Amino acid sequence: MLAYLAKRITASLFILLGVSVVTFGLTYMIPADPVAMIAGRNSTPAVREQIRTQLGLDRPLPEQYVRYLGRLVQGDLGRSYARKSDVGPLIASRLPPTLLLMLAAIVAELLIGIPAGIYAASRRGRNADKVAMTLSFVSVSTPQFVLGLTLLYLFAYVLSWFPLGGYGSFSHLVLPALTLGLAGGGWYSRMMRSSMIEVLRNDYIRTARAKGMSEWRVITRHGLRNAILPIIAMIGLDVGIFTSGVVVVENVFGWPGIGQLMWQAIQSLDIPIIMGVTIVAACFIILGNLVADLISPLIDPRISLR
Amino acid sequence: MKRLLISAVAAVALLAAAPMTLAQSPKQGGAATITFNNDLTTLDPHVGYDWQNWSVIKSIFDGLMDYKPGTTELEPDLAESYTVSDDGLTYTFKLRDGVKFHNGRVMTSADVKYSFERAVSPATQSPGGGYFGMINGYDDVAGGKVATLNGIETPDDKTVIFKLSRPDATFLHLMAINFGYIVPKEEVEAAGADWGKKPVGTGAFKFVEWVPGQNIKLERNKDYFRAGVPYLDQVTFEFGQDPTVAVLRLKKGEIDIVGDGIPPAQFAEIMADPAAKDLIAEGNQLHTGYVTMNVKVAPFDNVKVRQAVNMAINKERIVRLINNRAAPASQALPPAMPGYNADNKGYAYDPEGAKKLLAEAGAGEITTELYTMNVDPNPRIAQAIQQDLAAVGIKAEIRSLAQAEVIAAGGSGKAPMIWSGGMAWIADFPDPANFYYGILGCAGAVEGGWNWSKYCNEALDARATNADAMVKDDQKDARVGEWKAIFDDVLKDAPWAPIFNEKRFTYHSERLGGDPSLFTDPIHIPVNYDYIFAKDAQ
């Protein structure tokens, strides 16, 4: 186990290094000049050169990267061009809202996906099954900004059940979590359905039914316990899937997380923030995958960590 | 009975409305909430240079000069009075008595000197420090050789003398832009790298708090040197608010101003809504949207081709395309700018004439590229231009890119044509000079500069310098006349095709009152927060 962990963590470090190389290369290869964005339209060439030197942007790209990496190892993510403040604290202040939103979205997708999947499996082939699977298909395919705006319009503007975007209380959390969670819920309902159908075919289910157990108890006691295993293993991977979703959802709902920060940084070519958010997000995705892999053998003894 | 009730209600409503219309100046009190999609980047007046932070900074800080609210007319602000020497090289400002920073300290001439040195110092990385190039000693400070500007003298606490290396008629405007705002040294140094996050000024509003990514709160400065203003007790700016959602929130009465303006997709609907009619202030801004043509490379090195492009574009159709949120432009200067020539109608839409000119130019088949920023409505506008050009035989391929990439392509001279939308020049101060040097003069026609046409006419540059040397009050008209002539000549050379002048529409809640000009203030964009008031406080 420890050997496995050590191996995974070493591999993760290499992945992070790769992510930083690629992001660094891509952002600086864009045919755009961050100095022009900072210096503004009135600057003289002399002032632009001064700023370029101050930021070290006049150095060859590999040297810039090595310097960046050197600071990164010490935990310094650099300083934002546009906001003139340190990137580390900036991301740290935006991380809790994003993590809260992801957690709520995971809860939402499980609350939607698992019951829907069980229900569809128990009504297999009937109309209820078809309706549930069609809905899951729709929820998976709807673009998140359309879904978010529709939910806002209906439940916040027309019905006034929830606030119109913003951050702070539980009621602020519901709609963005639902927007992120509905798509995942759609996937999970499909997985849950097929997994449940498979489990319900087993002999021990037939035995349970034969001894006169109610269908409800058959499904919850014997079916669910076995059918839910593959779903739990998937949760860790959601972190990666949600990372792209939060950029959209946070912008629609005015949620002050790293997705919003990233989006604004991209618009103003604020490379230190773009780099910082990418690296932090990569850390979380790697962590999520690691957790998913560590959980797998616990719930399915046939899988072993090597 | 019903009718009686209605008239009783009407009478009460009239009574309630009466004192408001009669009142000479509004009562203080109340609050307003303004939403923005993007976070504010900084509240450092010497650094902030986007349209969002520009006017928030104006409410927290002051300069020696300012503009009368809702107009482009200069008046002394932190200065009580000023004199200009006959040669235009010495400006002497007498400071107002009893102006205090928000920390309680009295502002003095030393603060003025410090502030300009800070704006010019390379350590500040100010995008506007270059504006003060005419102050003696600028080069040494900007070059990082010394820290003090020898062109600023402070004989006593209440007097500041600026010595200039050349006369410059825009100097008083420069005393009113954010880069010339006065900051307290002790607060700047105490805050260090965080200064832009905890500003302390002398302005109408005092900074209270900044919750990153969420909001900024300001409260009324009770010691503000102008008695009776501002009217609002509190102003809150909320960030990360999608304008589409912000419009819904305004309709529900949760917020007061959609800072980003009305989203294009909802514009027609809101303008047609009778309930919103009185809540939308319409005004002009000092803006021109234009197409640049790189005069250094074929085919646009030929003036006839450039003129033909001017004649080929149907500006009326483009204006309709954006729901009439603009007016067709005849020239580089917007109509509200001094120097605008109302008699110059520019190039009329004339595709046949354009074809003839192209034939005369002997340019043959022209294929080129039109760069545009990739945010709506700019790609649609570029497509309209593309169609108009195709009709006269110019094939323009559209390059729709992120803002920073278009700016880079323009600065390097790589882009033969650029549609300026989304990056266009909104004047920093209301003077024709601000529309010339950086975007049409030789100074901007360098690698990384903002003169994307790379148009450099040295004769015009010399005339511009001469015009700006006319600094006396009785030369004002002659100076504006000369600028008019300069811009007429620019139009003949046609480095740009001016397309339209954007109008501004500010959507605000019923709660807020104030002259419509305050909601479309040409200087405070989007709104002059210092002079609007809350109706519920009256």
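This is a short dialogue on a predicted model with chains A and B.

Student: What makes the secondary structure of chain A helical?
Tutor: Chain A has 13 helices and 0 strands. From the N terminus on, each element in the run is an α.

Student: What makes Val277(A) a contact partner of Ile91(A)?
Tutor: The cut-off is 7 Å between C-beta atoms placed from the backbone. Leaving aside neighbours within four places in sequence, Val277(A) is in contact with Ile91(A), Ile258(A), Leu261(A) and Met262(A). So the C-beta atoms of Val277(A) and Ile91(A) lie within 7 Å.

Student: Why is Val277(A) called part of a nonpolar core?
Tutor: A core member must be buried, be of a listed type such as Val, and be joined through C-beta atoms within 7 Å. Val277(A) is among the residues with the most contacts inside the largest core, which has 219 residues. Therefore Val277(A) counts as buried, with 20 or more other C-beta atoms within 10 Å of its own.

Student: Which helix of chain A gives the most to this core?
Tutor: Helix α5 (residues 87-122) does, with 14 residues. Domain 1 (32-76) and domain 2 (88-299) of chain A each supply at least three residues.

Student: How do you know that chains A and B touch?
Tutor: The contact takes 39 residues from chain A and 41 residues from chain B. On the chain B side, α13(B) gives the most, with 6 residues.

Student: What is the make-up of the side of chain B that touches chain A, by class?
Tutor: That side has 16 nonpolar, 15 polar and 10 charged residues. Gly counts as polar here.

Conventions: Residues numbered from 1 in each chain as written. Chains lettered and ligands numbered in written order. Predicted model: local features only at pLDDT ≥ 70, side-chain atom pairs only at ≥ 80, totals over all residues. Contact = placed C-beta atoms within 7 Å. Helix = DSSP H or I, 4+ residues; strand = E, 2+ residues; numbered from the N terminus. Buried ≥ 20, exposed ≤ 12 C-beta atoms within 10 Å, placed from the backbone. Domains from an automatic or database assignment.
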